[in-house]
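I opened the model to work through its fold, and these are my notes in the order in which I looked things up.

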Amino acid sequence: SVEILTDSVSIYYIKPAQFNEVIEIESIIIDSGRKNCKVELQALSGEDIIAKGIISVKVQKKSTGGIG
């Protein structure tokens with residue numbers, strides 16, 4: 001079994017969202033390997049991009065907690 005750990009998160013706010021505004025999040029995997037993955041995200045309000053970001057995660061084997 002594996003664990004997925006957040007390595008880094010970068011968010012760029014472009015314009016504020018209004019209260020009760022419907023926000024759609026789109027994501028695209030931009031890099032993927034055996035031990036890591038990067039996902040690009042963008043938040044949309046209608047046709048307007050209100051934020052963009054990149055999340056980088058690491059994938060590693062789950063430790064069993066045993067000694068030795």
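**Pairing across the sheet**

I began in the middle of the sheet, where I found A43 standing opposite A51 in β4. Before going further I noted that this is a predicted model, in which local features need pLDDT of at least 70 and side-chain atom pairs count only at pLDDT 80 or more, while totals for chains, interfaces and linings use all residues. I also noted that residues are numbered from 1 along each chain as its sequence is written, and that side-chain values use heavy atoms, with hydrogens and water left out.

For the terms, I took strands as DSSP runs (E, at least two residues) and helices likewise (H or I, at least four), numbered from the N terminus, and I counted two strands as paired if DSSP finds at least two bridges between them.

I then followed both alanines outwards. A51 in β4 also has Y13 opposite it, and I found β4 (residues 48-61) joined to β1 by 11 bridges, the two strands running antiparallel. A43 in β3 is the bridge partner of I25, and eight bridges join β2 to β3 (residues 36-45), again antiparallel. Between β3 and β4 I recorded antiparallel pairing over 10 bridges.

At the hairpin of β3 and β4, I found two residues between the strands, and there G46 takes a positive phi near 65 degrees.

**The sheet as a whole**

Put together, these pairings give an open sheet of four strands in the order β1-β4-β3-β2, with antiparallel pairing. Its edge strands are β1 (2-13) and β2 (24-32), each of which pairs on one side only. The twist averages 20 degrees from one strand to the next, with axes fitted as lines to C-alpha atoms and angles running from 0 to 180 degrees between N-to-C directions.

**The chain overall**

I looked for helices and found zero, against four strands, so that the pattern along the sequence reads β-β-β-β. The radius of gyration, taken over C-alpha atoms, is 16 Å, well over the 11 Å that the globule rule (2.2 Å times the number of residues to the power 0.38) gives for 68 residues, so the chain is more spread out than a compact globule. Along its principal axes, the C-alpha trace spans about 55 × 25 × 15 Å.

I closed with burial, where 15% of the 68 residues count as buried, meaning under 20% relative accessible area with a 1.4 Å probe and protein chains only.

Key: Buried means under 20% relative accessible area, exposed over 50%, partly exposed in between (1.4 Å probe, protein chains only).
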